[in-house]
Amino acid sequence: MRPTPIQEVVSAMESREDIKYVGVSMKSNLNYYDIFSSKYSRRACTELKTMIIRPEELNISGNRYGPNGHSIANMVEPPSEKRRKLRDIARQTYMASHQNIIYEEWVESMSNSGANQDGFHQLSLTPTLFWYDNTHIVRTEHYRDFIYNPVFKMVARGGFVEDKLSPIIKRSCERLGLKDGHAKFGCYLLDDHSGDVFTGHLDGGSYNTAGLHVKRNASERS
């Protein structure tokens, strides 16, 4: 895990009403465009590509983000060789993904405008048809007046939003078309194109005590 530009994301949401939800990337959705392309038609993929947003507020200075950013350099190294190899494989997979290739093509097309120069790095917001319950930033009124509004009968208060809402988003896109169906929900995933996630589970798929972590790490080193 590493620092996430929460303030900049909020600023982008304040300046654009179409951004209603921003999910913080994790292992399962880092290559979201590739996940999408494995399920939907080429036409849909082409349309999704046009829906990627790169707000001015997420053109961040200080060499903080991207593959050579400080947020990557300052990450704590995995404790074992096995985990370091898995991390490196994940980064390599990302760099070869369409998620990243689309970004590199955009950077090249913007070279005359000085994109990603002088310590600045442009982050992207990729549209998603899945409402992830992991760490995210969302407009309060979007939850209150739309998601939980009993008139729309989507999610009851206290219900599991991810489980209930994601199928509704997909049906909305099937009925209204990808762009218009997605617009009502306005959900995006944050990507700094470094090949690393912003957040993740400390304990994998199940809970382990500190003592169990010590034993597991010792066995991995042996």
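**Entry 1: the sheet**

I began with the strands of this predicted model and found an open sheet of four, in the order S4-S6-S1-S5, with mixed pairing. I then looked at its edges, where strand S4 (124-127) and strand S5 (136-138) stand. Each has a single partner strand, so one side of each is left without a neighbour in the sheet. I noted that neighbouring strands of this sheet are turned by 30 degrees against each other on average, with direction ignored.

**Entry 2: strand pairing and helix H1**

I followed the pairing of S4 with S6, which is antiparallel and runs over four bridges. Within S4 and S6, I recorded that Leu 125 stands opposite Leu 190 in S6. I next checked what packs on the sheet and found helix H1 (residues 6-15), which touches strand S1 (21-24), S5 and S6. The direction of H1 makes about 30 degrees with that of S5.

**Entry 3: the nonpolar cores**

I looked up the largest nonpolar core, which has 30 residues. Those with the most contacts inside this core are Phe 36, Trp 131, Ile 147, Met 154, Val 161, Leu 165 and Phe 185. I listed the elements that give two or more residues to the core: helix H2 (32-37), helix H3 (42-50), helix H7 (140-147), helix H8 (161-176) and strand S6 (187-191). H8 gives the most, with five residues.

I then took Leu 165 by itself. Leaving aside neighbours within four places in sequence, Leu 165 is in contact with Trp 131, Ile 147, Met 154, Val 155 and Phe 185. Apart from this core I found another, of 16 residues, among them Ala 12, Ile 19, Leu 58 and Phe 198.

Key. Residues numbered from 1 in each chain as written. Predicted model: local features only at pLDDT ≥ 70, side-chain atom pairs only at ≥ 80, totals over all residues. Heavy atoms only, no water. Core = buried A, V, L, I, M, F, W, Y, C linked by side-chain atoms within 4.5 Å. Buried < 20%, exposed > 50% of the residue type's maximum accessible area, 1.4 Å probe, protein only. Contact = heavy atoms within 4.5 Å. Pairing = 2+ DSSP bridges. Axes fitted to C-alpha atoms, helices over the stretch in contact; angles between N-to-C directions.
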